[in-house]
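The following exercises are to be worked through with the sequence and the structure at hand. Each task is followed by a solution in steps.

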Amino acid sequence: MAVSGMTSALEPEQIVRLEEDGPAVVLLDQRRVPHEVVELRCGSVDELVVAIKTLAIRGAPAIGIAAAYGMALAALRGDDLAAAERALAASRPTAVNLPWALAAMRDDPTPARARALHEEEVDRCRRMAAHAAELFAPGARALTHCNAGGLATGGYGSAVGALRAAHERGLLERVLVDETRPLLQGSRLTAWELEQAEIPHAVIADSAAGSLMARGEVDLVVTGADRIAANGDTANKIGTYSLAVLAAHHDIPFYVVAPTSTLDLATADGSGIPIEERDPTELSDRFPARNPAFDVTPAELITAIVTERGVHRAPYAESLA
Ligand code: MRU
């Protein structure tokens, strides 16, 4: 189904929702954006698991919200809830929002509970974006990686939410958008969201970031996160670590913006974060390939982590606790 009314910011229910009549989890198919804006109906948990694995819905908070709706769907269908939870939990390994949301649904696998989780997540995004906007100086030229927008959070966005808030305050000159190899979440999804928000932007090859920093064209880097360990080490889309190293070399602040549902205080540091290895054919259908989908940025390369609670600085073991 084509989605109408796509000229302004996406409403949360346009990104993912539960339809009880059917029933189905309905999501905007992110594999086809920006060329097509169409919905995908998942009438079973198995179909939703495929949608998550193939990135029809992706981004740490959005995966968690989809899984919450998946548990409500399983309950409405009278499915085995333990089996549904196992299947959803195994769909992607790195984003901690997935087990977080599944745990939150365990005692109350209802549509109302899933919708409340969704609403709370979008509210967290708006609050952290307001905190993050305080870090922008007038005329700021930002660089971002992957897509940490409304598509990735179920509405508004984390890193892109920060860009929206800074833009609304008149502080943001423009955004450089890493294309984000190999699946192009930046050049497809983030650029599309920034276009809709009328925020000036330009897509760049991931490998152009260093030279543009050296030319003085980047004032700050803002990214999202999939899992933040207790010491502040942060897993995010592959290429984030390289950006943080480059930012440190050029003395450019590197900010991570993520809701507290992305904190994993039970994991001491980044070495304990599972890193998803995706199908090598996403890179090459002919030659052997390695395809780690995430990397870990050590806490010492992160200038600040922004959550809905505020701006956290090192030592993160204390400020995130
Ligand atoms: O593989 P993806 O597209 O799910 O990876 C997403 C990211 O790395 C995002 O930056 C992260 O989930 C934060 S989303 C607010």
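**Exercise 1. Polar contacts of the ligand**

Task: In this predicted model, determine how far an oxygen atom of the ligand is from an N or O atom in the side chain of Arg-58, and examine the contacts of Ala-60 and Gln-185.

Solution:
- Step 1. The separation between a side-chain N or O atom of Arg-58 and a ligand oxygen is 2.8 Å. The cut-off for a polar contact is 3.5 Å.
- Step 2. Ala-60 takes part through its backbone: an N or O atom there lies 2.9 Å from an oxygen atom of the ligand.
- Step 3. Gln-185 uses a polar atom of its side chain, which is 2.9 Å from a ligand oxygen.
- Step 4. The ligand taken alone exposes 420 Å², and the protein buries 100% of that.

**Exercise 2. The shell around the ligand**

Task: Describe the space that the ligand takes and the residues that surround it.

Solution:
- Step 1. The ligand takes the space of the largest cavity.
- Step 2. Two or more residues of the shell come from each of helix 3 (60–77), helix 7 (150–153) and strand 9 (234–237).
- Step 3. The ligand is surrounded by 17 residues, and the closest are Arg-58, Ala-60, Arg-92, Asn-236 and Lys-237.
- Step 4. Sorted by class, the shell holds seven nonpolar, six polar and four charged residues.

**Exercise 3. A sheet of four strands**

Task: Which strands stand at the edges of the open sheet, and why is one side of each left without a neighbour?

Solution:
- Step 1. The four strands of the open sheet follow the order 11-8-9-12, and their pairing is mixed.
- Step 2. The edges are strand 11 (263–264) and strand 12 (294–297); each has a single partner strand, so one of its sides has no neighbour in the sheet.
- Step 3. Strand 8 (residues 227–229) pairs with strand 9 in the antiparallel sense, over two bridges. Arg-227 has Ala-235, in strand 9, as its bridge partner.

**Exercise 4. Unusual backbone geometry**

Task: Locate the cis peptide bond from Gly-22 to Pro-23, the one that joins Arg-181 and Pro-182, and the positive phi of Cys-146.

Solution:
- Step 1. Most peptide bonds are trans, and most residues other than glycine have a negative phi.
- Step 2. Between Gly-22 and Pro-23 the bond is cis, with omega near -25 degrees. Pro-23 belongs to the loop between strand 1 (16–19) and strand 2 (24–28).
- Step 3. Arg-181 and Pro-182 are also joined by a cis bond, with omega about 0 degrees. The loop that holds Pro-182 runs between strand 5 (172–178) and helix 9 (185–196).
- Step 4. Cys-146 is not a glycine, yet its phi is positive, about 60 degrees. Cys-146 lies in the loop between strand 4 (140–144) and helix 7.

Note on methods
Residues numbered from 1 in each chain as written. Predicted model: local features only at pLDDT ≥ 70, side-chain atom pairs only at ≥ 80, totals over all residues. Heavy atoms only, no water. Near = heavy atom within 4 Å. Polar contact = N/O pair within 3.5 Å; in protein donor to acceptor, adjacent residues only side chain to side chain. Areas by Shrake-Rupley, 256 points an atom, 1.4 Å probe, with all protein chains shown as cover. 1 Å grid on protein atoms, 1.4 Å probe; cavity = no way out; pocket = protein on both sides within 12 Å on 5 of 7 lines; lining within 4 Å. Sits in = over half its atoms within 2 Å of the grid points. Nonpolar A, V, L, I, M, F, W, Y, C, P; charged D, E, K, R; others polar. Pairing = 2+ DSSP bridges.
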